[in-house]
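This report goes through selected local features of one protein chain for a reader at the bench. Please keep the sequence and the structure at hand while reading.

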Amino acid sequence: MEDYIYKRQNFNQREKLRKKRRRRKIFFSSVGVALVLGAGGFFLRNTLLPKLQEAGDSFVKAPLPEAGNPGEAPKSEELPEVKEFTPKRPAEKIPAEKTAPEVKDLKRLKEGSNHSYEASAYAYDTRDVKAWMRGRKDFEGEKNLAFLTFDDGPHKNTEKVLDVLKRHGVPGTFFLLGDNVDKNGTPLLLQRYIEEGHGIAVHSYSHDYSYLYPGRSARPDRILEEYEKTRTSIRGHLGESFDTHVFRFPGGSMSWKNMEEAQNALLAEGIVDIDWNSMSGDAEPKNRRPATSEAMGAYAMKTFRDNGDRKVAVILMHDVQKTTPEYLDHLIDEFLEAGFTFGILK
Ligand SMILES: [Zn+2]
């Protein structure tokens, strides 16, 4: 009997012990699971998520570099496409490097355009600029808008013009000749236009009046042919993703016959031609050419006012002229003081 009681007690104690061990086991495995989950969460919160958010943020918040035109309201639709990035189930299936959006270099050529991502903020559609300039449409901007345009380059003076623009932090549009791109263009120079926030346009390949306008009448086929040839030369330095839809007729569209046909042939290819409504006078005959920097600035402002004073100035200059980079400082100041901001043509 005693033996039985003893056995019974023993059995009860063993049973208790077993239960206690099971409880302890459950307790410790729960603690283990909690620890693992906690550590995982901590890892996600402190390492992986910030990394993912940082990747998203650095893209969203990438500031526009200072160069260019500080006063002008950015046209946001032209900035690289930004998508809010919220990781839903991080870590598990989607590796961070695949989900984080590609970070764009804002000074790089925007694919299929004539300017950098950065310059998109102040790049204006040439069709609009033409309409504003001619008074066919009212410019709604708060400040007046100026386009510094430089024809006939690249040339040994071009770097000097670029230096002046850089010093003032203002952009310009360069109407290149294919022939000069082939003779004087280097990948470094062509990239400089883009990296420093300027726009590139086409001004024919040869600038040869007798070829482009035989008998003073425009030949649309030759104009298109030279447009293509020049774009190919530029692409030789900037790559296939370069494109431009901006053209200026050598001598200006007002100087020749059969222009409607030529303009329509360009338009059919999505190319818009543009003249100017302000002249620096840098290519005028010597007796009329402004002889000081003050005179050049005043000449540009006067021709702008004489041409209707319509808030939008497209200023004709030539980087091949020796005095242009020397006089340019004053011209820029003159337009800045008159309340203009600066844009590029696209
Ligand atoms: Zn020219």
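## The zinc site

Asp152 and His203 are both buried, and in this predicted model the two residues belong to the coordination of a zinc ion, whose donors are Asp152 through OD, His203 through NE2 and His207 through NE2, at 2.1 to 2.3 Å. Along the sequence, the spacing of the donor residues follows the pattern D-x50-H-x3-H.

Asp152 sits in the loop between β2 (144-151) and α4 (158-168), whereas His203 sits in the loop between β4 (199-202) and α7 (209-212), so this pair ties together parts that are 51 residues apart in sequence.

## Unusual backbone geometry

Most residues other than glycine have a negative phi, and most peptide bonds are trans. Against that background, the peptide bond that joins Gly153 and Pro154 is cis, with omega at about -5 degrees, and Pro154 is located in the loop between β2 and α4, the loop that also holds Asp152.

Two residues that are not glycine carry a positive phi: Asp309, at about 50 degrees, and Lys311, at about 70 degrees. Asp309 is placed in the loop between α10 and β8 (312-318), and Lys311 likewise lies in the loop between α10 and β8. With a relative accessible area of 38%, Asp309 is partly exposed, and Lys311, at 29% relative accessibility, is also counted as partly exposed.

## Packing of α4 and α6

Two packed helices are described by the angle between their axes and the distance between the axes. For α4 and helix α6 (residues 187-195), the axes come within 11 Å and cross at roughly 25 degrees, which makes α4 roughly parallel to α6, since angles under 35 degrees are counted in that class. The crossing of α4 and α6 is left-handed.

On the α4 side, the contact is formed by Thr158, Glu159, Leu162, Asp163 and Lys166, and these meet Leu189, Arg192 and Tyr193 of α6. Sorted by character, the residues of the contact of α4 with α6 comprise three nonpolar, one polar and four charged.

## Packing of α10 and α11

The axes of helix α10 (residues 293-306) and helix α11 (residues 323-337) come within 8 Å, and they cross at roughly 50 degrees; α10 and α11 are therefore oblique to each other. The crossing in which α10 passes α11 is right-handed.

What do the two helices bring to this contact? From α10 come Ser293, Glu294, Met296, Gly297, Ala298, Ala300 and Met301, and from α11 come Thr324, Glu326, Tyr327, Leu328, His330, Leu331, Glu334 and Phe335. The residues of the contact of α10 with α11 divide into eight nonpolar, four polar and three charged.

## A long-range approach from α11

Leu336 is a residue of helix α11, and at 38% relative accessibility Leu336 counts as partly exposed. Which residue, 190 residues away along the chain, has its C-alpha atom 9.2 Å from that of Leu336? The partner is Ala146, and 9.2 Å is the separation of the two C-alpha atoms.

Conventions
Residues numbered from 1 in each chain as written. Predicted model: local features only at pLDDT ≥ 70, side-chain atom pairs only at ≥ 80, totals over all residues. Heavy atoms only, no water. Axes fitted to C-alpha atoms, helices over the stretch in contact; angles between N-to-C directions. Helix = DSSP H or I, 4+ residues; strand = E, 2+ residues; numbered from the N terminus. Parallel < 35°, antiparallel > 145°, perpendicular 65-115°, else oblique. Left-handed = near helix turned anticlockwise from the far one by under 90°. Contact = heavy atoms within 4.5 Å. Nonpolar A, V, L, I, M, F, W, Y, C, P; charged D, E, K, R; others polar. Donors = N, O, S within 2.8 Å, 3.2 Å for Na, K, Ca; no water. Buried < 20%, exposed > 50% of the residue type's maximum accessible area, 1.4 Å probe, protein only.
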